[in-house]
Amino acid sequence: VQLQASGGGLVQAGGSLRLSCAASGRTFSNYVMGWFRQPPGKEREFVARISRSGGSTSDSVKGRFTISRDDAKNTIYLQMNSLKPEDTAVYYCAASRGFPTDYDIDYDYWGQGTLVTVSS
């Protein structure tokens, strides 16, 4: 599986962005798909995931970010609203062949990352 993330950019605090992650492969619907982010100088952290059983977001973005998927287009999305400067990070999409998980070590495939910068 190859993943291609896009949609990052510079936005003012309070604004919105939508990230996309396009995946190759014919079994896309079987994968758990996730979004992670790595803020400058910090460790990578879980943001959201989605599987056939539904989606989940981290507490830090709950109510502001929404993850969705379009299996017909082999694409997942991360709608980010009410952005804050602390959301500034490189955002990565990832795919897991296993059970839904928030741990990056459980994900098998990774995209190249897209930078989101939120100015105050």
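## Exercises: core, sheet and disulfide

The largest nonpolar core holds 27 residues, and Trp-35, Leu-78, Met-80 and Tyr-91 have the most contacts inside it. Eight elements are listed below as giving two or more residues to this core: strands S1 (3–6), S3 (17–23), S4 (32–38), S5 (45–51), S7 (65–70), S8 (75–80), S9 (89–96) and S11 (114–119). The model is predicted: local features need pLDDT of at least 70, side-chain atom pairs count only at pLDDT 80 or more, and totals for chains, interfaces and linings use all residues. Residues are numbered from 1 along each chain as its sequence is written, and side-chain values use heavy atoms, with hydrogens and water left out.

**Exercise 1. Place Met-80 and find another core.**

Step 1. Fix the terms. A nonpolar core is a set of buried Ala, Val, Leu, Ile, Met, Phe, Trp, Tyr and Cys residues joined through side-chain atoms within 4.5 Å. Buried means under 20% relative accessible area, exposed over 50%, partly exposed in between (1.4 Å probe, protein chains only). Contact means heavy atoms within 4.5 Å.

Step 2. List the contacts. Leaving out residues up to four places away in sequence, Met-80 touches Gly-15, Ser-16, Leu-17, Leu-19, Arg-64, Phe-65, Tyr-91 and Val-116.

Step 3. Look apart from the largest core. Another core has five residues, including Phe-36, Phe-46, Ala-94 and Tyr-107.

**Exercise 2. Which strands stand at the edges of the open sheet?**

Step 1. Strands are DSSP runs (E, at least two residues), numbered from the N terminus. Two strands pair if DSSP finds at least two bridges between them.

Step 2. Write the order. The four strands run S1-S3-S8-S7, with antiparallel pairing.

Step 3. Read off the ends. S1 and S7 are the edge strands; each has a single partner, so one side of each lacks a neighbour in the sheet.

Step 4. Check one pair. S3 and S8 share six bridges, and Ser-20 has Tyr-77 as its bridge partner in S8.

**Exercise 3. Describe S11.**

Step 1. Sort the side chains. Thr-114, Val-116 and Val-118 point to one face and are buried; Leu-115, Thr-117 and Ser-119 point to the other and are not.

Step 2. Find the partners. S2 (residues 9–12) runs parallel to S11, joined by four bridges. S9 runs antiparallel to S11, with three bridges.

**Exercise 4. Characterise the disulfide.**

Step 1. Apply the rule: a pair of cysteine sulfur atoms within 2.5 Å. Cys-21 and Cys-93 qualify, with sulfurs 2.1 Å apart.

Step 2. Get the hand. The S-S torsion is about 60 degrees, so the disulfide is right-handed.

Step 3. Locate the ends. Cys-21 lies in S3 and Cys-93 in S9, so the pair ties together parts 72 residues apart in sequence. Both cysteines are buried.
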